[in-house]
Amino acid sequence: MVPLYYYLIFSALLFSVGLAGALTRRNAILVLIGIELMLNAANLNFIAFWRYSPDPEALTGMMFVIFSIAVAAAEAAVGLALIIAIYRHYRTVDLTKVDSLKG
Amino acid sequence: MGITFAIIAALTLVSAIAAMSLRNLVHCALSLAVTFAGIAAMYLQLDAQFVGFAQILVYIGAVAILIVFAILLTRSSETPQPVISRSWIMGIVIALAVFGVLTKVILSSSIAQRELPAKPAPTVRQIGDQLMTRYVLPLEAIGLLLTAATIGAVIIAMHDKKGRGDGGQNVNSTPSRAEAHQHADETHNLIT
Amino acid sequence: MSGISYSEILKLVAPEMLVSLAALAVLAIDLLVMREAPQRYRFWTGAAFAGLGCGLAIAWLLAMNPPPHSMSAGLSLLQGTYADDVLVRLVKVALLVMTLFTLAISMESNFTDHIGEYLALILLATVGMMFLVSSENLLMVFISLELTSLSLYILTAFNKRNVESAEAALKYFLFGGMSAAFTLFGLSLVYGLAGSIQFSEIYSKLHAAKIDTLLLAAIVMTVIGFGFKIAAVPFHLWAPDAYQGAPTPSAAFIASGSKVASFFIFAKLMMQAFAGAEGNGAWRHFTPGWLPVVATVAACSMLLGNLAAIVQGNVKRLLAYSAIAHAGYALLGLLSNSQQGMSSLIYYIVTYGLTVLGAFGVVAIVEERTGDASISSFAGLGRRQPLLGLCMMVFMLSLAGIPPLAGFFGKFYLFTAAIGAGKDMGMLWLVIFAIAMSAVSLYYYLQVLKQIYVVPAVEDSRPIVVPVSSRIILSLLALVVVVLGCAPELLLGRLITAIKLASHQ
């Protein structure tokens, strides 16, 4: 039987991969992909904790994930709409070239 | 059981790293779909069938496809490989630090040794019941959230009549967005 | 279906429902009836319906009897999902008032053709904030936080002719998405440790056990998420760009309403779920863990916000950095971790929200007439439009914390609460630091006033024409700031009784 911490460490790893990508890549779409990976890692945590909780019949963690999947889909839609709006103005989605706002 | 976990985990991890580091954006999106599928397989392994299928429907069916659409619409399939710069090193260091700290606290925590309880068998009916009783307010809030996101995504991605651009984009982008929401809404209808 | 009655639920969430219905009504009317009408009439009609919805919700909140302490049988299943006590109602009324003022200051601007959608999204964001302050479990917190944030990202991008608006929205969104991921990961760890997502159960589980290191990681990740929402250093990077690029009314709404709701739920989560006593008595006896984290964040915010504000040449950017500094001060109320701290925090953040709404209202008019929001475009405002200059003076001095304005008393109560907190005045160092930083902040607020009253207008010194409605609204806001400063007990007294009542439940 796989112990709980295997799942937790795996999701921490997935979270870090997403974070590293979101921090280092300069393409807005790739940053969004990184964020999606981080959200997925959190969801995996919820399911793992739910399965290993003393009372899995309560369904709490599972319900949380059902809701957060819907939230993530909405977030992706809004994010990609914003990226398209940016592309219309700048003709690029490279974040280093999107810098008209400065202090 | 352990071997299945190892195979799924390795596959998911490799595709996640690929999604974050490949040069061609379409390849990134495809690797992302594989990652999502791997996570769905993990949900199945954890006896959460419903969530596993919702994951496939929403993430692979909607989010990954949406990302492919965005890549094609912005014509940005090629992107420069990350160059080793100061900000690149900073990003990697931060991510490694987060991973290190998380691993350390997970291993030292008391919950690492938690026992696996007997296999639960949540039915779709139970989930539906919960959604209409205990979780009825969150369900209401998420309905409003999807409404707001739909309105907003259409408005932002739409061409204004005054600002003439190439109209072809408009025709493609708006329905794709609406479709994604329909997916999300449908999963909700499915649940309830 | 046991233990649930939908008519009772409808009654419970009636204010939120009224506002959502108003949002749908505004959308429908604008699309079906007003499509061809001139922009001005569309805005007035839409805003009238939106205002009506908010007004009815306020009336409901004030007129209905305070709810009984325990939920009735039909709602027993919702126990621990949705809080409805006097304090929550008070904060909701404040949020709705801010929404009304936001609607009022957007009336004169014409940055979008999608008026119905704009107003509907403001209302949906308001519903998100109302749900947020009522949340009593992590799921509600997450969903309503996302409802608010998504609406605000879209409101930021609403000026489609302007490049900066889209850029600001994208940056706001990317930082926001990342912080949402951190929050969700933190919440998942809390769920794993406590086995529950309800504040009260989390408290009783975690309070009994020894502090797990994993819990500390979970708290840090949650603080990162909320630190972003309240724009505290080092999660503030989005704020200056978002404030500058967003249409001014949207920026005003981000700075006021969403701040109030996020601070309230942040304080509630920290004080109730992660430390506080539930069921009886005062909030006391904190578990160390989040206090040092929050104290560091507060000190950094005050330092960086105030120093960076000095060199800004754009008033919207200046207000953004001042917002970062104010988030630092307000965190002092959270740090004192007491009923007194909570009441002073709410008083401070509500008066701050009203002041900053007024300031953005003035900026919106000046920006509309002169074309940009740089400090130099305020030159000679005192002569070109004396009333506007006077209102701006009240707002700036209140932000700087000059007596007898609301900002002064807000700071005063916060600092007293923080000094009195804990044993042997442990927070004294931070209070002294905060006072020193307030003195620094006076410099850049006076810089704006110097432009308004001392520097003469450059070429164009004709008087600025301001419609009567805007004058009334801005004077009203300035009056509120003065009155709340002269008679703080009007709001503070109610807050203190409400907090006492809420904590006895």
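Here is a quick tour of one interface, one helix pair and the confidence along one chain. Keep in mind that this is a predicted model.

**Where C meets A**

Chain C puts 35 residues in contact with 33 residues of chain A. On the chain C side, the elements giving two or more residues are α6 (138-156), α7 (163-194) and α10 (238-245). The largest share there is from α7(C), with 18 residues. Sorted by class, the chain C side has 22 nonpolar, 8 polar and 5 charged residues.

**A helix pair inside chain C**

Next up are α18 (residues 406-420) and α19 (residues 428-453) of chain C, which pack with their axes 9 Å apart and at an angle of about 160 degrees. Angles over 145 degrees count as roughly antiparallel, so α18(C) runs roughly antiparallel to α19(C). The crossing of α18(C) past α19(C) is left-handed. On the α18(C) side, the contact uses C:Lys411, C:Phe415, C:Ala418 and C:Ile419; α19(C) brings residues including C:Leu428, C:Val431 and C:Ser438. By class, that contact has 8 nonpolar residues, plus 1 polar and 1 charged.

**How sure is the predictor about chain B?**

Chain B has a mean pLDDT of 81, with 79% of its residues at 70 or more. Its elements with the lowest and highest means are these:

| Helix of chain B | Residues | Mean pLDDT |
|---|---|---|
| α7 (lowest) | 167-191 | 42 |
| α2 (highest) | 25-45 | 95 |

Across residues 163-192 of chain B, pLDDT stays below 50. Even so, that stretch has 54 contacts in the model beyond near neighbours in sequence.

Technical notes
Residues numbered from 1 in each chain as written. Chains lettered and ligands numbered in written order. Predicted model: local features only at pLDDT ≥ 70, side-chain atom pairs only at ≥ 80, totals over all residues. Contact = placed C-beta atoms within 7 Å. Helix = DSSP H or I, 4+ residues; strand = E, 2+ residues; numbered from the N terminus. Nonpolar A, V, L, I, M, F, W, Y, C, P; charged D, E, K, R; others polar. pLDDT = per-residue confidence, 0-100. Axes fitted to C-alpha atoms, helices over the stretch in contact; angles between N-to-C directions. Parallel < 35°, antiparallel > 145°, perpendicular 65-115°, else oblique. Left-handed = near helix turned anticlockwise from the far one by under 90°.
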